[in-house]
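Visitor: Could you walk me through this protein and tell me how each label is earned?
Guide: Gladly; here it is, and then we can start.

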Amino acid sequence: PIGVSDSYVRNKLFRPQKGIFFNLILEPTIVLPLSDENSFLMGEGVIPTVNFRKQISLGLGLAWRIQPEFQNLLMPAFLDLRFCGKSRVSPMLALGTGYTYKPSSDFRKIGNIQYAKAGVNIKNFKGGSVAFLIGLDSSIQTVRREFTFFGRSDTFLLDEEALGLSLSFTI
């Protein structure tokens with residue numbers, strides 16, 4: 001029988017992109033807090049990236065995250081660095097740092113955000129990919145709360161550690 005085998009398609013038709021090129025990452029995320037004090041967050045990130053030989057990417061991202069329970073909208077702006085293997089199915093590491101803003105407070109900066117995620121990246125034949133990532137999402141946010149004891153407002157830092165689950169689409 002004449003035909004094309006799966007190994008031929010996998011080995012001959014998959015050609016990793018070389019050199020420097022640009023991509024766009026769309027990343028829906030769910031953030032599950034590791035403490036019982038806060039509710040989960042869900043959101044979407046958009047990260048334009050510069051890629052170096054399809055193994056390293058550097059991007060500036062903007063995301064939105066919402067707490068469905070409180071309808072509290074947060075907007076992280078961050079620097080994203082990703083490392084990925086050469087093969088079609090390979091491990092991936094994503095690191096990021098930046099600031100979180102609150103649109104309802106005239107985009108006032110309310111804290112810092114850092115994350116480290118690891119997972120599996122599956123590249124397609126046309127240069128895009130899909131990645132399944134899990135990792136630690138840590139943010140330190142300045143929170144203003146009103147105390148009833150003396151009726152005064154006070155500002156304090158809230159350190160929030162969470163588990164982030166992401167599905168990244170590179171186009």
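**How the labels are earned**

Guide: In this predicted model, the side chains of asparagine 23 and asparagine 51 are joined by a polar contact of 3.2 Å.

Visitor: What makes the pair asparagine 23 and asparagine 51 a polar contact?
Guide: The cut-off is 3.5 Å between N or O atoms, one able to donate a hydrogen and the other to accept it. The two side chains come to 3.2 Å, so the pair qualifies. The side chain of asparagine 23 also has a polar atom 3.3 Å from the backbone oxygen of isoleucine 171.

Visitor: Where is asparagine 23 found, and why does asparagine 23 count as buried?
Guide: Asparagine 23 is part of strand S1. Its relative accessibility is 9%, and buried means under 20%, so asparagine 23 counts as buried.

Visitor: Why is leucine 24 called partly exposed?
Guide: Leucine 24 also belongs to strand S1, which covers residues 20-33. Its relative accessible area is 29%; that lies between the 20% and 50% cut-offs, so leucine 24 is partly exposed.

Visitor: What is leucine 24 in contact with, leaving aside its neighbours within four places in sequence?
Guide: Its contacts are Val46, Ile47, Pro48, Phe169, Thr170 and Ile171. For proline 48, 24 residues apart from leucine 24 along the chain, the C-alpha atoms are separated by 4.5 Å.

Visitor: How do you know that glycine 59 is buried?
Guide: Glycine 59 has 4% relative accessibility, and the limit for buried is under 20%, so glycine 59 counts as buried. Glycine 59 lies in strand S3 and, not counting residues up to four places away in sequence, touches Ile47, Pro48, Thr49, Phe78, Leu79 and Asp80. From glycine 59 to phenylalanine 78 the C-alpha distance is 8.4 Å, with their positions 19 residues apart in sequence.

Visitor: What makes S3 and S4 a pair of strands?
Guide: Pairing needs at least two bridges, and ten join S3 to S4, so they pair; they run antiparallel. One of the partnerships links leucine 62 with alanine 77 in S4.

Visitor: How do you know that S4 and S5 pair?
Guide: Here too ten bridges are found, against a requirement of at least two, so S4 and S5 pair, and they run antiparallel. Leucine 79 has threonine 97 in S5 as its bridge partner. Four residues form the hairpin that joins S4 to S5.

Visitor: Which residues make the nonpolar surface patch?
Guide: Ile20, Phe52, Ile56, Leu58, Leu60, Leu79, Phe83, Leu93 and Leu95 make a patch of about 750 Å². Strands S3 (56-67), S4 (72-84) and S5 (89-102) are the elements giving two or more residues to the patch. S3 gives the most, with three residues.

Visitor: Why can leucine 95 be called partly exposed and still join a patch?
Guide: Leucine 95, in strand S5, has a relative accessible area of 32%, which is between 20% and 50%, so leucine 95 is partly exposed. A patch residue needs over 30%, so leucine 95 passes that cut-off as well.

Visitor: How many helices and strands are in the protein?
Guide: There are one helix and eight strands, in the order α-β-β-β-β-β-β-β-β from the N terminus. Of the 171 residues, 36% are buried. The accessible surface is about 10,400 Å², and carbon and sulfur atoms hold 64% of that area.

Notes. Residues are numbered from 1 along each chain as its sequence is written. This is a predicted model: local features need pLDDT of at least 70, side-chain atom pairs count only at pLDDT 80 or more; totals for chains, interfaces and linings use all residues. Side-chain values use heavy atoms; hydrogens and water are left out. Buried means under 20% relative accessible area, exposed over 50%, partly exposed in between (1.4 Å probe, protein chains only). Contact means heavy atoms within 4.5 Å. Accessible areas come from the Shrake-Rupley method with a 1.4 Å probe; for residues, only the protein chains shown count as cover. Patches are made of residues with over 30% relative accessible area and no salt bridge: like charges are joined within 9 Å, nonpolar side chains (Val, Leu, Ile, Met, Phe, Trp, Tyr) within 5 Å. A salt bridge is a side-chain nitrogen of Lys or Arg within 4 Å of a carboxyl oxygen of Asp or Glu.
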